[in-house]
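The following note is intended to be read beside the model. It takes up the overall fold first and then the aromatic residues.

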Amino acid sequence: MSAIARNNVKISGSGSRPILFAHGFGCDQSMWRHVAPRFEDAFRVVAFDHVGAGGSDSKAYDPAKYATLSGYASDVVEIGEELDIQNGILVGHSVSAMIGALASIERPDMFSTLVMVGPSPRYIDDTGYEGGFSADDIEDLLASLADNPLAWSASMAPVIVGNPDRPEHGQELADSICKLDPAIANGFARATFTSDNRDDLPKVSARTLILQCRDDIIASEHVGAYVRDKIQGSQLVMLNASGHCPNLTAPAEVVAAIRNFL
């Protein structure tokens, strides 16, 4: 099966330069519905689902391949190869910011511009590094997801999204997580929350924009600054937004920041 079919790739827009939107854990390409269409006037817009999410082919899920983020990055590169993407823009939310970084390192000719929305190269605290979680926190999180995905998504999704005055956004993420096959959700969560891509950041040569929100429990301002400092020449923009999913809660802010950068 081609990557275009496997990953449910959708193409729109009237421009020639490609801009690819990659979603985070528990999501699918619909999470970009308020952002991606705003680029159709000037770009070739590409959206897709990671294997196991949305309309992708879940039968293609390989626990060994997707045990690390490099497996997902290889899919992104394969999509780029099938679409003959050159000098493309890769916009990655949450874990897909790091997946995008890995893809851009592998193929800098394919993705010359990188936009990272709420990135974190490592979620677990380390000596001299504040990731936001202890190793025990992460193991507890993964265990509770495996034990009761419905309860986990119902409790965690609103906290991740933030913006308690607009609970519909947290509910949307919870519903999206619940659609995932539990085995795939557990595998993707472990690949995400136990990843450590700090050493990869200096290898990124793409022109890079980092978008940061206030009160993001998944990727704090400390983490955003860390990513900026490790990627040479990158720019960090604080959005007038809070929580971890500005593509849902503050799409106009995201669109404006990306357009200004491009």
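1. The accessible surface of the protein chain is about 10400 Å² (Shrake-Rupley method, 1.4 Å probe), and carbon and sulfur atoms contribute 50% of that area.

2. This is a predicted model, in which local features require pLDDT of at least 70 and side-chain atom pairs pLDDT 80 or more, whereas totals for chains, interfaces and linings use all residues. Residues are numbered from 1 along each chain as its sequence is written, and side-chain values use heavy atoms, without hydrogens and water.

3. The protein chain contains 10 helices and 7 strands (DSSP runs: H or I of at least four residues, E of at least two, numbered from the N terminus). Its radius of gyration over C-alpha atoms is 17 Å, close to the 18 Å of the globule rule (2.2 Å times the number of residues to the power 0.38) for 262 residues, so the chain is as compact as a globular protein of that length.

4. Of the 262 residues, 55% are buried (under 20% relative accessible area, 1.4 Å probe, protein chains only).

5. The whole structure holds 11 aromatic pairs (ring centres of Phe, Tyr or Trp, the last by its six-membered ring, within 6.5 Å). Tyr-66 and Tyr-72 form a tilted pair (planes neither under 30 nor over 60 degrees apart), at 4.6 Å centre to centre and 45 degrees. Tyr-66 is buried at 1% relative accessible area, as is Tyr-72 at 0%.

6. Tyr-72 also pairs with Phe-188, stacked (planes under 30 degrees apart) at 4.4 Å and 25 degrees. This pair links helix α2 (residues 69-82) with helix α7 (residues 182-193), across 116 residues.

Methods
Buried means under 20% relative accessible area, exposed over 50%, partly exposed in between (1.4 Å probe, protein chains only).
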